[in-house]
Amino acid sequence: MEAKQWTDKSSWPRTATTRTPRAVLNTRDGQDRLEGTGHARRNQADPAVPEIGDELAASRALAGLAGKLAVITQRDITELARPAAPGVDQLAAHPDRVRAGAPSRA
């Protein structure tokens, strides 16, 4: 059995009232990359509990990343479900499956 390893790296820029984390998923030995960004801002009337802002912003960043990955996966499934031309390797025909910054995949 082959084990896959994908790495998620998150950065957490924050001020006293805002959180804007960025989640980055690296796949295929670091060749492919997806990013999601979250944001949370504490209302001045709310109590100051930094962990809540961290959790909310992180969940939004990861949800954005998960949504992008789901869209790419659905497109890959659709592409692979099409009949291949004789002699065409379906996977080799799509080497750009998950490239960072590819607007058609975001």
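User: What makes Ala23, Leu25, Leu34, Ala61, Leu65 and Ile72 count as a nonpolar core?

Analyst: This is a predicted model, and in it those six residues make up the largest nonpolar core. To get that label, residues of the nonpolar types have to be buried and joined through side-chain atoms within 4.5 Å. As for where they come from, β3 (22-27) and α1 (50-81) each supply at least two of the core residues. Helix α1 gives the most, with three.

User: Which residues does Leu65 touch, leaving out those up to four places away in sequence?

Analyst: Leu65 reaches Ala23, Val24, Leu25, Leu34, Glu35 and Gly36. Among them, Ala23, Leu25 and Leu34 belong to the core as well.

User: Why would you describe β3 as enclosed?

Analyst: Count its residues: five of the six are buried, so the strand is largely enclosed by the rest of the structure. The bar for buried is under 20% relative accessible area.

User: How do you know that β3 and β4 pair?

Analyst: Pairing takes at least two DSSP bridges, and here six bridges join β3 to β4 (residues 32-37). The two strands therefore qualify as paired. They run antiparallel, and Arg22 stands opposite Thr37 in β4.

User: What makes Arg19 and Asp54 a salt bridge?

Analyst: The cut-off is 4 Å between a side-chain nitrogen of Lys or Arg and a carboxyl oxygen of Asp or Glu. For Arg19 and Asp54 the closest N and O atoms are 2.7 Å apart, so the pair passes. Arg19 lies in strand β2 (residues 18-19) and Asp54 in helix α1, so the bridge ties together parts that are 35 residues apart in sequence.

User: Are those two partners buried or exposed, and how do you know?

Analyst: Set them against the 20% line for buried. Arg19 has a relative accessible area of 6%, so it's buried. Asp54 is at 18%, so it counts as buried too.

User: How many salt bridges are there by this rule?

Analyst: The count comes to three. Beyond Arg19 with Asp54, there's Arg33 with Glu35, the closest N and O atoms being 2.8 Å apart. Then comes Glu35 with Arg22, where the closest N and O atoms are 4.0 Å apart. That pair links distant parts of the chain: Glu35 sits in strand β4 and Arg22 in strand β3, 13 residues apart.

User: What makes Arg22, Arg33 and Glu35 a network?

Analyst: Glu35 has a salt bridge to Arg22, and Arg33 has one to Glu35. The three residues are thus linked in a network of salt bridges.

User: Why do Glu35, Arg22 and Arg33 have the accessibility label they do?

Analyst: Partly exposed is what's left between under 20% (buried) and over 50% (exposed). Glu35 is at 28%, so it counts as partly exposed. Arg33 gets that label at 29%, and Arg22 gets it at 36%.

User: What about Arg42: where is it found?

Analyst: Arg42 is in the loop between β5 (40-41) and α1. Its relative accessible area is 23%, so it's partly exposed. Leaving out residues up to four places away in sequence, it touches Ala16, Thr17, Pro47 and Ala48. Arg42 is 23 residues from Arg19 in sequence and 8.8 Å from it in space, C-alpha to C-alpha.

User: What makes Arg42 and Asp46 a polar contact?

Analyst: A polar atom of the Arg42 side chain lies 2.9 Å from the backbone oxygen of Asp46. The limit is 3.5 Å, so the distance fits.

User: Which residues does Pro50 touch, again leaving out those up to four places away in sequence?

Analyst: Pro50, which is found in helix α1, touches Arg14 and Arg19. Pro50 and Arg14 are 36 residues apart along the chain, yet their C-alpha atoms are separated by 9.6 Å. At 34% relative accessibility, Pro50 counts as partly exposed.

User: What does the whole protein look like in numbers?

Analyst: There are one helix and five strands, running β-β-β-β-β-α from the N terminus on. Of the 106 residues, 24% count as buried. The protein exposes about 7400 Å², with carbon and sulfur atoms supplying 56% of it. Among contacts between residues at least 6 apart in sequence, 42% join residues at least 24 apart.

How values were computed: Residues are numbered from 1 along each chain as its sequence is written. This is a predicted model: local features need pLDDT of at least 70, side-chain atom pairs count only at pLDDT 80 or more; totals for chains, interfaces and linings use all residues. Side-chain values use heavy atoms; hydrogens and water are left out. Buried means under 20% relative accessible area, exposed over 50%, partly exposed in between (1.4 Å probe, protein chains only). Helices (H or I, at least four residues) and strands (E, at least two) are DSSP runs, numbered from the N terminus. Contact means heavy atoms within 4.5 Å. A polar contact is a pair of N or O atoms within 3.5 Å; within protein, one must be able to donate a hydrogen and the other to accept it, and residues adjacent in sequence count only if both atoms are side-chain atoms. Accessible areas come from the Shrake-Rupley method with a 1.4 Å probe; for residues, only the protein chains shown count as cover.
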